[in-house]
Amino acid sequence: MRTSQWSAVALAAGLVVTLAACAPAEEGGDVQTGQDLTILIGSSGEAETTAVQAAADAWATETGNTVEVIAASDLVQQLGQGFSGNNPPDLFYMPWDQFQTYAAQGFLEPYADDLANTADFLPALRDQFSYDGQFYCAPKDFSTLGLQINLDAWEAAGLTDADIPTDWDQLATVAAALTTPDQVGLSMGREYARVGVFMNQAGGTLVDGATAVADSAENAEALDYLQGLIADGSLKFPQELEAGWGGEAFGLGKAAMVIEGPWINGAMRNDFPDRKFISVELPAGPGGPSTFAFSNCWGMPVGSETRDATLDLIEFLTSDEQQLAFAEAFGVIPSTESGSAAYAAQFPENAAFVAGVASAVSPVAFSGAAAALADFNTQLEQIGSADPSALLNSLQVNLQAALDEANG
Amino acid sequence: MANTAAVRTRRGGGIRRGEARAGWLFVAPAVVITLVFLVIPIMLALWVSFSDWNGFQSPLNPRVNFVGLENYAAITVDSGLDQKNFGISVRNNLYYVLFVVPLQTIIALLLAVQVNRAVLRGRGYFRTAFYFPSVTSTVAIVIVFQFLFTASGAVNAVIGAFGIDGPDWFNDSTGVFHGLLSVVGITQPSGLLAEPGFLGISGWEWLAGPSVAMSSLIMLAIFTTSGTFMLLFLAALQSIGAEIDEAALMDGAGPARKFFSITIPMLRPTLFTVLTLGLIGSWQVFDQIYVLGGTSAGGTISTPAYLAYRSSFVDLEWGQGAAIAFILFIFIIVLTLLQRWALAERGPRRARKKAGLL
């Protein structure tokens, strides 16, 4: 009896301590200067971390604040920890595939319309970072997918500029021509973020309003086409080539063409400086040209106490000038109309990625879709042998269930 | 009530007065630490498993609602992706445990018996060598194994020398039992086996066996943990007196008879410890899976512990994550109790159990 009383007291005391720790700390004072801001980024490497830190320092010196840039080892996990501990970073990279989930759960401050440069962002990116009709957060930069061609392999196969593929048939032809015993014609990640492009090019889509339409004939046609390439031996996935991702297979010379974004430039420069290649727009399918646009936005936690200072920092970081500096440092494309135009002029070798914007769509990423797409990625391991409609049927069921849940 | 009063009177007076208070004072630090770091977090996790907390601010903030058994239902009875993922992870882990626990125990015991032999030269060397994987970080070993087990890695080179075409170990999702069945020509389930069964997984899928990828992890687990358990067995073996060996020798027992009739029964308490630790450890396997990405190899290496992490941190379904953790917790307790019952001494030797041997 006595024991239970003591335990109850101790439990209550412990709870009070825990709760006190959870309560938000009160901060007052000036909102413009003397703030200590924290930025959590999912960095692609040393170059990106240094560039972001340099930009943040420049802003901090100018405005009399301090900014600490933390490169996350696992961005999503560290964000989750920050939010559950009620101590999220003041500013963070919000990946496109998690944005809708975070917005739906009410984690994000919809600040984007308060930015001075809110009208400058590319419309496709505004859509990607809008939830429930509201533009939430400023796109940091963007990338589209293009087709990379290994020039040495291209010449060795006797191909010329005139052979650069512009439709599926030509892609199949050159992929077959480039395939040798040591090298496969085409490679790409075995995931929705690549395979989905072919579905869109076939005229298909996964979601139409509140209905999943994954099991359409167009999507099946896309998978059929890829199965044809696999059967010809001209498409292999990085796992089969003992590479971590498409870029590695490309750099190692195990694949003559890959489908990747502008990040491949940095990877080739660092790891395979001798690889000579060009990036061209993706060939069009029966439904027309299409590519995916990926972007991170600058996320701000809801009810941020450093809102004003952070807004100023975001305006600085998304200015054309600063975005072009980032582009130079680690190869991303500016997220504004004028910035991306300047970028295409400055880096003509990457013009294909900018040109892709015209036909770019955002990958499906509504709240709860991640689990359905993760399952689809798993199912894609059987793409070589499975019946396309079986793969799409299970995706259809899972997506519809996720949609029903997201729409209550 | 009367009983309590009696106790109080006895405690309250005389020379031992105040002892209880001093006692509480002395254990207070331990009690506080246990409460803050163990009891309260577990209680909070239990609450989270019954709530719709999305990972934003404290789980006790007023916006969080009690949802009853919804989270538990989503992963166990409501058909859908959550249930399927949970079912697959339970199947994967079940096969992992079925192979790892017996194999690591047997290998640990054999190693211990070998390095315990007085005639073995360089005993110290072997003891260190066998124990070494246990003191190395699992993450480091996983990365080394990844290189050894790639399609053109050392393992495939060795078995290639015997004319066998090795699989792409960590990426191969074929179930081992399915693989064996396909050798005799069975590649598709028939009748009832094809229907969705327990946890939304068809009988055919339940019978898949560990995938090739999971088998690599099973080998890895046996490699890393056998050394630890060898040490436990070794300590127990050394406490078996030489006179017992001599007595067995005098009774005319051969080495095999001595091992099964003397050594194993004498090791029973250690065996219980090793099996319990092995069982708990194998049901909680996480780090190897996390390093390998968790969703690779067609989802055949995912485990409930990894799924709990993924549901919480990636999908922000903290309630489901906590529910998985609690189901795992209950599962481990039930299995440990079962195993305790199975290993208990029975029959005429019951008296020894009362004497506290087990």
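# A tour of the two-chain model

Start by selecting Ala175(A), which, leaving aside residues up to four places away in sequence, touches Gly185(A), Leu186(A), Leu229(A), Ser234(A), Leu235(A) and Met257(A). Keep in mind throughout that this is a predicted model.

**The nonpolar cores**

Now widen the selection from Ala175(A) to the largest nonpolar core, which has 117 residues, and in which Ile39(A), Cys137(A), Ala175(A), Met257(A), Ala372(A) and Leu399(A) touch the most other members. Helix H16(A) gives the most to this core, with seven residues, and at least three residues are drawn from each of domain 1 (33-142 + 295-351) and domain 2 (144-293 + 368-406) of chain A. Apart from this core lies another, of 57 residues, and to find that second core you can select some of its members, among them Phe170(B), Ile289(B), Ala322(B) and Ala325(B).

**The two domains of chain A**

Colour chain A next by its domain assignment, with residues 33-142 and 295-351 as domain 1 and residues 144-293 and 368-406 as domain 2. The centres of these two domains of chain A, taken over C-alpha atoms, are separated by 29 Å. Where they meet, the contact takes 16 residues from domain 1 of chain A and nine residues from domain 2 of chain A. On the domain 1 side of this contact, the elements to highlight are helix H4 (96-104) and helix H5 (123-128) of chain A, which give two or more residues. By class, that side of domain 1 has eight nonpolar, six polar and two charged residues.

**A strand covered on both faces**

Select residues 291-294 of chain A, which form strand S13, and look at one face and then the other: Thr291(A) and Ala293(A) lie on one side, Phe292(A) and Phe294(A) lie on the other, and all of these are buried. Then add residues 143-144 of chain A, strand S6, which runs antiparallel to S13(A) and is joined to S13(A) by two bridges; here Ser143(A) stands opposite Phe294(A). Residues 360-361 of chain A, strand S15, are also joined to S13(A) by two bridges, but these two strands run parallel, and in this pairing Thr291(A) has Ala360(A) as its bridge partner.

**Two loop residues with positive phi**

Move to Asp132(A), in the loop between strand S4 (130-131) and strand S5 (134-135) of chain A. Asp132(A) is not a glycine, yet its phi is positive, at about 55°. Is Asp132(A) exposed or buried? Asp132(A) counts as exposed, because it has 9 C-beta neighbours inside 10 Å.

A second stop of this kind is Glu242(A), in the loop between helix H9 (217-232) and helix H10 (246-251) of chain A, where phi is again positive in a residue other than glycine, near 55°. Glu242(A) has 16 C-beta neighbours inside 10 Å and therefore counts as partly exposed.

**Where chain A meets chain B**

Now show both chains and select the contact between them, which takes 29 residues from chain A and 26 residues from chain B. On the chain A side, helix H1 (2-22), helix H3 (75-84), helix H16 (369-379) and helix H17 (388-406) each supply at least two residues, and H1(A) gives the most, with seven residues. By class, this side of chain A has 14 nonpolar, twelve polar and three charged residues.

**Chain B**

Hide chain A and look at chain B alone, which has 17 helices and zero strands. The C-alpha atoms of chain B fill a box of roughly 85 × 75 × 40 Å along the principal axes, and buried residues make up 33% of its 358 residues. Among contacts in chain B between residues at least 6 apart in sequence, 70% join residues at least 24 apart. The domain assignment of chain B gives residues 1-48 as domain 1 and residues 82-175 and 210-354 as domain 2, with the C-alpha centres of the two lying 38 Å apart.

For a last stop, select Tyr95(B), which is found in helix H4 (residues 81-116) of chain B. Tyr95(B) is buried, because 22 other C-beta atoms lie within 10 Å, 20 or more being the cut-off for a buried residue. Not counting residues up to four places away in sequence, Tyr95(B) touches Gly209(B), Pro210(B) and Met214(B). Finally, draw a C-alpha to C-alpha distance from Tyr95(B) to Leu207(B): these residues are 112 residues apart in sequence and 9.6 Å apart in space.

How values were computed
Residues numbered from 1 in each chain as written. Chains lettered and ligands numbered in written order. Predicted model: local features only at pLDDT ≥ 70, side-chain atom pairs only at ≥ 80, totals over all residues. Contact = placed C-beta atoms within 7 Å. Helix = DSSP H or I, 4+ residues; strand = E, 2+ residues; numbered from the N terminus. Nonpolar A, V, L, I, M, F, W, Y, C, P; charged D, E, K, R; others polar. Buried ≥ 20, exposed ≤ 12 C-beta atoms within 10 Å, placed from the backbone. Pairing = 2+ DSSP bridges. Domains from an automatic or database assignment. Core = buried A, V, L, I, M, F, W, Y, C linked by C-beta atoms within 7 Å.
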